[in-house]
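Q: Got a minute to go through this one with me? I'd like to start with the ligand and then look at the odd backbone spots.

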Amino acid sequence: MDFTLSAKTEDHLERIKRFVEAHIDPIEEGYFRALLAQNHGERWRSWKVPPVIEELKRKARAEGLWNLFLPDAKLGAGLTTLEYAPLAEQMGRSLIAPEIFNCSAPDTGNMELLYHFGSPEQKERWLKPLLAGEIRSAFCMTEPDVASSDATNLQATIRLEGNEVVLNGKKWWCTGAGHPHAKLAIFMGLSNPENDRHRQHGMVLVPLDTPGIAIKRMLPAFGEYDEPSGHGEVWFENVRVPRSNVIRDLGDGFMIAQGRLGPGRIHHCMRALGAAERALELMIKRGLSRAAFGKPLVNLGGNRERIADLRIAIDQARLLTLYAAWKIDKVGALAAMTEISAIKVAAPNVLEQVVSEAIQLHGGAGISQDVPLTALYAMARALRIADGPDAVHRGLIARIEIGKYKHLAAGPRDE
Ligand SMILES: Cc1cc2nc3c(=O)[nH]c(=O)nc-3n(C[C@H](O)[C@H](O)[C@H](O)COP(=O)(O)OP(=O)(O)OC[C@H]3O[C@@H](n4cnc5c(N)ncnc54)[C@H](O)[C@@H]3O)c2cc1C
């Protein structure tokens, strides 16, 4: 394993750093102030993207800092997962940079899904405008009425009727559904209950303006609506779309979800480490510039040890992330399931720990919105649930690990 940055990564990294410092950092405060003014769940239909974002997207694209997540050199930057990791980390330092480089969730996962599993027509209609950053999309899997961390529970339905499929059910936490440019939902539902449990579901592409779709509300996450994307509760009532909107075939939903969540999950982890670096930097700067009891805050109590422990935790998580990225490149997401789940547990927990300590050292300011720590904390806490809660990933790692010794089991296996 060689984690030396490739020349391509170094070049992109340097250019992303310069771009973020020159164009994104200076607008961050104003951007959030503008959004705060429209931050109201009930008014989500009139959410607007501050114009500076579209301007910066055009600029980033012109500079070739665009679709960096996609390994295909014709459609993306042609970087491997390992090469992309440091770039995603760099973007993760800013809450808005991923969108500006067209590398933000859930669109990256949805684009990957279309890239790998979409038909040529589906790619033309949906992947093209997503890659151009012209539209946004939502992934609708989780349901309010069932424990969705076990996806075999999903009960929304996909019924085949002639040349159409009919969708029914309630979905929530559909990130991106409130975005003013959201045009597409990817709906996962029960299509083949007669099949074995991992072949029962399908995925369907649904234009968000199809009759029968009702976006009931935006869900606040720790009181924040994460505008302009939002997290929608979306009801589907007899929503009809052509059968050609089914991705691959009915029954393939699980297989597609596994493929989607692999690289997408680790992008989150890389960004989380960038956010952790930023929180640690804010903590140290604050601790050096403020004094109490006659000393800079960093020199009080166990603060130096805390800073050292956080550095160790971030660097450990980074190595695990790079290892998972390397493994995805070498053997594919399915064979790297342990590593993907391991980093999906480790990175958000490290971020949570770093941000919590950074908040503590900031005192009251840490809880205010004068520094971005509460937003980073909410992100860390939510990431421990989104894309599968910690416990589910631990369960998967344990199953694979214990499975290596299954011949020694004394009684019936419970998995
Ligand atoms: C900010 C945010 C954004 C999201 N974005 C999306 C999105 O875009 N699209 C989408 O479809 N979903 C999205 N989600 C939903 C997310 O993926 C689900 O919340 C998650 O998969 C868990 O499902 P659930 O909420 O039904 O929890 P449940 O399945 O009810 O689980 C609740 C808890 O039960 C425990 N548990 C579950 N399984 C096990 C186990 N095997 N062992 C031990 N304990 C267990 C865990 O503590 C778990 O947290 C998002 C969530 C958040 C918070």
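A: What follows is a run through the ligand site, some ring contacts and the unusual backbone geometry.

A: One thing up front: this is a predicted model.

Q: Fine. How many residues surround the ligand, and which are the closest?

A: The ligand has 18 residues around it, and the closest are F139, T142, S149, W173 and T175. By class, that shell has 11 nonpolar, six polar and one charged residues.

Q: Which elements each supply at least two residues of the shell?

A: Strand β3 (164–175) and helix α12 (390–403).

Q: And polar contacts? What does T142 do there?

A: T142 has a polar side-chain atom 2.6 Å from a nitrogen atom of the ligand. Two contacts to ligand oxygen come from backbone N or O atoms: M141 at 2.9 Å and D387 at 3.4 Å.

Q: How much of the ligand's accessible area does the protein cover?

A: The ligand on its own has 980 Å² of accessible area, and the protein covers 63% of that.

Q: Back to W173. Where does it lie, and is it buried or exposed?

A: W173 lies in strand β3. Its relative accessible area is 35%, so W173 counts as partly exposed. The backbone of W173 also has a positive phi of about 55°, although the residue is not a glycine.

Q: Why is that worth flagging?

A: Because most residues other than glycine have a negative phi.

Q: What about its neighbour, W172? How do the two rings sit?

A: A search of the whole structure finds five aromatic pairs. One of them is W172 with W173: the ring centres are 6.4 Å apart and the planes are at 65°, which is over 60°, so the pair is edge-to-face. W172 is partly exposed, because its relative accessibility is 24%.

Q: Which rings have a lysine charge over them?

A: The charged end of K170 sits over the ring of W235, 4.5 Å from the centre. K171 has its charged end over the ring of F187, at 5.2 Å from the centre.

Q: Switching topic. Where are the cis peptide bonds?

A: One joins A105 and P106, with omega of about 0°. P106 is in the loop between α4 (97–100) and α5 (107–117). Another joins E227 and P228, with omega of about 5°, and P228 is in the loop between β6 (213–218) and β7 (231–242).

Q: Last one: what about F293?

A: F293 is not a glycine either, yet has a positive phi of about 50°. F293 lies in the loop between β8 (291–292) and β9 (295–296), and at 80% relative accessibility it counts as exposed.

Definitions and conventions: Residues are numbered from 1 along each chain as its sequence is written. This is a predicted model: local features need pLDDT of at least 70, side-chain atom pairs count only at pLDDT 80 or more; totals for chains, interfaces and linings use all residues. Side-chain values use heavy atoms; hydrogens and water are left out. Rings of Phe, Tyr and Trp (its six-membered ring) pair if their centres lie within 6.5 Å; planes under 30 degrees apart count as stacked, over 60 as edge-to-face and the rest as tilted. Buried means under 20% relative accessible area, exposed over 50%, partly exposed in between (1.4 Å probe, protein chains only). A charge sits over a ring if NZ of Lys or CZ of Arg is within 6 Å of the ring centre and within 35 degrees of the ring normal. A residue is near a molecule or strand if one of its heavy atoms lies within 4 Å of it. A polar contact is a pair of N or O atoms within 3.5 Å; within protein, one must be able to donate a hydrogen and the other to accept it, and residues adjacent in sequence count only if both atoms are side-chain atoms. Accessible areas come from the Shrake-Rupley method with a 1.4 Å probe; for residues, only the protein chains shown count as cover. Helices (H or I, at least four residues) and strands (E, at least two) are DSSP runs, numbered from the N terminus. Ala, Val, Leu, Ile, Met, Phe, Trp, Tyr, Cys and Pro count as nonpolar, Asp, Glu, Lys and Arg as charged, and the others, Gly among them, as polar.
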